[in-house]
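This report looks at pockets and at charged side-chain pairs in one protein model. Please have the sequence and the coordinates at hand while reading.

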Amino acid sequence: MASAKRFDLAQSIGMLGVVVSLLFVGWEIRQNTQVARAAAVQATIEQIIEWQTDVALNDDWIRIIDFLNTGGSYAELAPVDQQRYGWVVSATVRIMENRFRQMQLGVISSEDLGVGGGTANPNWFRSDHFISYWTEVDRTRSWTPDFLEFFEGEVLGLR
């Protein structure tokens, strides 16, 4: 009988050890998920800072955006400036696509889509020049249907 009690005690201690181990693993996974989310948000912010720094130091871009912000239209830009504008827009949309994919994977929340401008930047994404450019190019070659649905609906307000 004493050996049975020792066996029950050993089993109980063993099960308690398993439960504590599982709780610890769960806590570690939660911590790692929070670290991954923070890193994803930080990486997006760094992308935005790099993008803003690059365009802020580019005299051609400053001239283009000044022209557009003072009443000029995308259609009035010289072909080479339309191309420059397109590259900047593509970089911006790629950053947004990255956020969208991270949200789909559960790495970031939908609230994180607006960090650093993002979906919370209607002055850029919903500007006449952006919409004009966006509706003139063939978006289906560069962007997947699910992202286009999100971007054109939620961000641009076109759908």
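Is Arg63 buried, partly exposed or exposed? At 40% relative accessibility, Arg63 counts as partly exposed, where buried means under 20% relative accessible area, exposed over 50% and partly exposed in between, with a 1.4 Å probe and protein chains only. The model is predicted, so that local features need pLDDT of at least 70 and side-chain atom pairs count only at pLDDT 80 or more, while totals for chains, interfaces and linings use all residues. Residues are numbered from 1 along each chain as its sequence is written, and side-chain values use heavy atoms, with hydrogens and water left out.

**Salt bridges**

The structure holds 10 salt bridges, a salt bridge being a side-chain nitrogen of Lys or Arg within 4 Å of a carboxyl oxygen of Asp or Glu. Three of them are listed here.

| Pair | Closest N to O |
|---|---|
| Asp81 and Arg63 | 2.7 Å |
| Arg84 and Asp81 | 2.8 Å |
| Glu97 and Arg94 | 2.7 Å |

The pair of Asp81 in helix α3 and Arg63 in helix α2 (residues 59–69) links distant parts of the chain, 18 residues apart; helices are DSSP runs (H or I, at least four residues), numbered from the N terminus. Asp81 is buried, with a relative accessible area of 7%, and its other listed partner, Arg84, is partly exposed at 31%. Arg84 and Asp81 both lie in helix α3, 3 residues apart, about one turn of the helix. Glu97 and Arg94 are likewise 3 residues apart in helix α3, with Glu97 buried at 13% relative accessibility and Arg94 partly exposed at 38%. Through shared partners, salt bridges join Asp60, Arg63, Asp81 and Arg84 into one network.

**Pockets**

On a 1 Å grid over the protein atoms alone, a pocket is an open set of points where a 1.4 Å probe fits, with protein on both sides within 12 Å along at least five of seven lines, and lining residues have an atom within 4 Å of a point. The largest pocket has a volume of about 220 Å³, a volume being the space filled by probe spheres set on the points. Among its lining residues are Arg94, Trp134 and Asp138, and α3 (79–104) and α5 (128–136) each supply at least two residues of the lining.

The second largest pocket holds about 150 Å³ of space, and its lining includes Trp51, Trp87 and Ile95. The largest share of this lining, 5 residues, comes from α1.
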